[in-house]
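Subject: Handover of the structure and notes on it

Dear colleague,

I am passing on the structure below, together with notes on what was found in it. Please keep it open while you read the rest of this message.

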Amino acid sequence: MLTPLTTGTRYIKAFVKAFGHTSAARCSSNSYRPDSIRRFISENTEIVGQRTLTPEFKLRLFTPNCRFWTEKPELWPFDDPYWAIYWPGGQALSRYLLDNPAVCRGKTVLDLGSGCGAAAIAARLCGAAHVVANDIDLVAAVATHMNCELNLLEPPVCLTNNMIDSPPKGFDLILLGDMFYDEVLATSLHGWLDNCINRHGTKVLIGDPGRAQFEEHRIRRLLRQLAQFELPECVREENYGLTCSSVWCYCPEL
Ligand SMILES: C[S@@+](CC[C@H](N)C(=O)[O-])C[C@H]1O[C@@H](n2cnc3c(N)ncnc32)[C@H](O)[C@@H]1O
């Protein structure tokens, strides 16, 4: 379980470290209206354009200048704000795409667990033909829309259903940034990705900074490392000393 939200950077650090869920007493984000979520995001995030691995685009994120960096956690109205952090796995994945635009160009791309929508934005910038961002949190979908607008990009199709419970659709490329943080989720993803590859020949790219749940999962020995990036200093500080983040291709035939 998540350490209770405390004050200052301890909040984000506790969140990043424990990577679990906070209060069960809140309404689901999905019961809010998109226009009120949009207002909330505008008022409670800051535009970050530098200090990430992808200074090519800006994102609305939590920073120490934001109210909820120090506010009592009980006042937070939504599900845990994964979308307000640009995770190290997503940063490496997006950097890799921007460095290798041919991977996305003309392709039908799914960013699964899209959070702030960074990998979907990178895919758009690289000339993907069609981009879908999927996150079970409606607030993440609204944040993704707003982040695309911020970068003068057409938003992707945003879906909030749990796609890994359904038969896979025919995507050319599936992107997973920092999605292997929970063993049960990792195992569900593994089975679903196998189906995607077997049925549609989908290419799968994973970004991860070397979290234990990822390193110890059986999918790990079926991955081929494509790139590794050193994390910027402030990202290291917010992530308990993680120093690097890598991009992997899932190759079940290995
Ligand atoms: C650690 S964040 C990563 C966000 C983004 N990919 C990044 O790297 O910045 C994980 C995200 O996955 C979403 N998520 C968790 N389970 C999911 C599922 N079954 N399907 C889609 N999204 C899911 C969460 O809501 C959260 O936004």
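Helices and strands here are DSSP runs, numbered from the N terminus, with H or I over at least four residues for a helix and E over at least two for a strand. Two points about the source come next. The residues are numbered from 1 along each chain as its sequence is written. The model is a predicted one, in which local features need pLDDT of at least 70 and side-chain atom pairs count only at pLDDT 80 or more, whereas totals for chains, interfaces and linings use all residues.

With the helix and strand definition in hand, Pro-232 can be placed in the loop between β8 and α9 (233-238). A residue is called buried if 20 or more other C-beta atoms, placed from the backbone, lie within 10 Å of its own, exposed if there are 12 or fewer, and partly exposed in between; Pro-232 counts as partly exposed because it has 16 C-beta neighbours inside 10 Å. Taking two residues to be in contact if their C-beta atoms, placed from the backbone, lie within 7 Å, Pro-232 touches Arg-51, Thr-52 and Leu-53 once its neighbours within four places in sequence are left aside. Arg-51 is 181 residues away from Pro-232 in sequence, but the C-alpha to C-alpha distance between them is 6.4 Å.

For the chain as a whole, the secondary structure comes to nine helices and nine strands, and 43% of the 254 residues are buried. Among contacts with a separation of 6 or more, 69% are between residues 24 or more positions apart.

Turning to the sheet, two strands are said to pair if DSSP finds at least two bridges between them. Seven strands form an open sheet with mixed pairing, in the order β5-β4-β3-β6-β7-β9-β8; its edge strands, each pairing on one side only, are β5 (157-159) and β8. Strand β9 (residues 244-250) has five of its seven residues buried, so it is largely enclosed by the rest of the structure. On one hand β9 pairs with β7 (residues 203-208) in the antiparallel sense over four bridges, and on the other hand seven bridges join it, again antiparallel, to β8 (residues 223-230). Ser-246 of β9 is the bridge partner of Asp-208 and also stands opposite Gln-228, while Tyr-250 of β9 is the bridge partner of Leu-223.

Among the helices, the axes of α4 (residues 88-99) and α5 (residues 118-125) come within 9 Å and cross at roughly 0 degrees, the axes being lines fitted to C-alpha atoms over the stretch in contact, with angles from 0 to 180 degrees between N-to-C directions. This makes α4 roughly parallel to α5, a term for angles under 35 degrees. The residues in this contact include Leu-93 and Leu-97 of α4 and Ala-119 and Ala-122 of α5. Helix α5 is mostly covered, with seven of its eight residues buried, and what covers them includes β2 (59-61), α4, β3 (108-112), β4 (130-134), α6 (138-150) and β6 (173-177). Just after α5, Gly-127 takes a positive phi of about 90 degrees.

Finally, 24 residues surround the ligand, the closest being Tyr-82, Gly-90, Gly-113, Gly-115 and Gly-177, where a residue is near a molecule if its C-beta atom, placed from the backbone, lies within 6 Å of it.

Best regards

Technical notes. Parallel < 35°, antiparallel > 145°, perpendicular 65-115°, else oblique.
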